Amino acid sequence: MEIIFGRNKKEQLEPVRARVTGKIPAWLQGILLRNGPGMHTVGETRYNHWFDGLALLHSFTIRDGEVYYRSKYLRSDTYTANIEANRIVVSEFGTMAYPDPCKNIFSKAFSYLSHTIPDFTDNCLINIMRCGEDFYATTETNYIRKVNPQTLETLEKVDYRKYVAVNLATSHPHYDAAGNVLNVGTSIVDKGKTKYVIFKIPASVPGGRMEGPSPLKDAEVFCSIAARSLLSPSYYHSFGVTENYIVFLEQPFKLDILKMATAYLRGVSWASCLAFHGEDKTHIHVIDRRTRKPVPTKYYTGPMVVFHHVNAYEEDGCLLFDVIAYEDGSLYQLFYLANLNEDFEENSRLTSMPTLKRFVLPLHLDKNAEVGSNLIKLSSTTARALKEKDDQVYCQPELLHEGLELPRINYAHNGKPYRYVFAAGVQWSPIPTKIIKYDILTKSSLKWGEAHCWPAEPLFVPTPGAKDEDDGIILSAIVSTDPQKSPFLLVLDARTFTELARASVDVEMHLDIHGLFIPDAGWDLGKQAPSREEPARAAAGRAAPRT
């Protein structure tokens with residue numbers, strides 16, 4: 001486990017040409033840009049949790065059947081401060097950092113006060129978000145960092161709070177057909193209220209200007225949902241959308257704000273203030289996108305923890321949404337580095353199995369239906385919605401498949417009826433060992449796997465002009481637990497799940513989390529924007545593919 005999780009990875013600043021075996025489809029041109037933790041020790045200090053590691057961006061540039069790889073640490077303020085101090089001095093969610101003990105008492109007192117209402121890290125290690133023509137590395141705080149997808153250079157730091165009042169925000173926004181961004185954040189005790197804020201960022205600034213103000217300056221609050229508890233808001237990682245609705249789960253996995261406010265003084269991490277309350281319900285909030293208001297029906301289900309929504313859509317007066325659900329919050333505990341040791345396999349069995357579940361909600365409540373009756377009449381699912389008193393509906397999911405995580409779909413079907421889920425196969429261990437294509441219609445699956453290989457989140461790229469949902473390819477960055485086996489980019493035929501090609505690179509590739517594919521925009525590795533790295537790139541550029 002140490003070779004994958006605990007060891008710091010080296011940057012690959014100059015593009016290195018991969019060894020391609022098989023044949024990459026000629027139409028596949030662009031950049032696969034990925035993000036994840038790559039540095040877990042700074043000097044003599046060590047992060048407590050794998051999700052705390054410093055963000056390492058990496059990319060695969062695909063051009064004319066050739067692949068070039070590079071990686072670079074996100075030059076966040078957090079990274080800079082830690083490297084300059086040669087120790088961890090900026091707190092992460094699972095690791096509380098402290099000022100230099102040589103500083104005076106007044107400096108220490110100021111640090112204590114500044115942590116009461118935390119100014120969170122800009123170590124944006126989870127995902128990549130597209131906003132207009134710009135790309136941002138994201139995490140779950142109020143900060144995002146603009147990056148150059150060609151050079152992996154870190155650009156300006158953006159604070160969501162300048163545009164919308166949120167202290168936390170998801171790393172899984174949604175995009176509509178026009179490229180507008182929809183996201184959810186938490187506003188903690190703002191003007192005496194804690195609420196979940198759904199906000200919208202336009203694809204471009206008014207007037208269609210390509211240069212000038214960022215679209216973020218025109219961000220607007222789409223709607224908000226009052227948290228059920230002022231001081232214990234729900235943790236969430238993603239949400240769902242359909243053509244007409246937004247689905248938000250207020251789950252009993254909660255942040256204790258009072259404990260967070262005193263965590264620094266008590267010498268504990270903010271993660272210790274996150275707890276699962278198994279006696280509580282999971283409340284399902286549905287927002288009508290046309291009115292920007294919640295629907296009057298109150299939906300709920302049993303206690304669960306959801307990190308990833310898969311998709312949602314409407315059918316015959318019902319709203320269907322699919323999620324990867326856990327029975328409790330133990331998954332987060334497993335990824336403390338102290339647990340990623342020789343006992344990892346045994347420890348992982350203490351976590352609940354990730355399960356693909358389908359929920360179905362009746363959008364229009366039948367006032368004449370009997371209490372206790374099932375309001376779902378769809379023949380395509382066994383999910384139930386039982387009418388209760390006071391316009392409440394208890395939702396019982398259909399269990400579709402066990403052992404899936406990091407789900408992706410053909411995004412052209414986002415918010416619409418769909419059939420296929422592409423995901424990492426994890427079984428009892430949360431470490432992916434296979435890539436799975438699950439067919440919701442036939443309840444069958446196809447799998448790819450290879451000994452000693454850990455695949456990253458599979459990403460679907462459609463064939464140009466494709467009509468079938470699975471007409472395209474799957475891309476996944478594969479790391480190996482065998483030191484003698486080089487990591488590689490895997491290219492699968494999404495329809496048959498047969499391997500088309502792999503691009504191997506002799507680098508220290510890290511296990512990433514999320515990312516996206518950027519279709520070719522005429523970029524060339526040898527003709528990129530000038531930067532401090534230009535001399536190195538110029539040398540590498542002689543071998544770069546032609547535009």
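Biologist: Which residue in β28 is the bridge partner of Ala 385?

Modeller: This is a predicted model, where local features need pLDDT of at least 70, side-chain atom pairs count only at pLDDT 80 or more, and totals for chains, interfaces and linings use all residues. Residues are numbered from 1 along each chain as its sequence is written, and side-chain values use heavy atoms, without hydrogens and water. Strands β27 (residues 384–387) and β28 run antiparallel, joined by four bridges (strands are DSSP runs of E, at least two residues, numbered from the N terminus; they pair if DSSP finds at least two bridges). In β28, the partner of Ala 385 is Cys 395.

Biologist: Which residues of β28 point to the buried face?

Modeller: In a regular strand the side chains alternate between the two faces of the sheet. Along β28 (residues 392–396), Gln 392, Tyr 394 and Gln 396 point to one face and are not buried (buried means under 20% relative accessible area, 1.4 Å probe, protein chains only). The other face, which is buried, has Val 393 and Cys 395.

Biologist: In which sense do β23 and β28 pair?

Modeller: Strand β23 (residues 298–301) has three bridges to β28, and Tyr 300 has Tyr 394 as its partner there. The sense of the pairing is parallel.

Biologist: How far apart at most are the C-alpha atoms of the "binding site" residues?

Modeller: An unreviewed UniProt entry lists His 172, His 237, His 308 and His 514; such annotations may be inferred rather than shown by experiment. They span 343 residues in sequence yet gather at one spot, because no two of their C-alpha atoms are farther apart than 12.4 Å.

Biologist: What is the relative accessible area of His 237?

Modeller: His 237 is found in the loop between β16 (220–226) and β17 (240–241). His 237 counts as buried, because its relative accessible area is 7%.

How values were computed:
Buried < 20%, exposed > 50% of the residue type's maximum accessible area, 1.4 Å probe, protein only.
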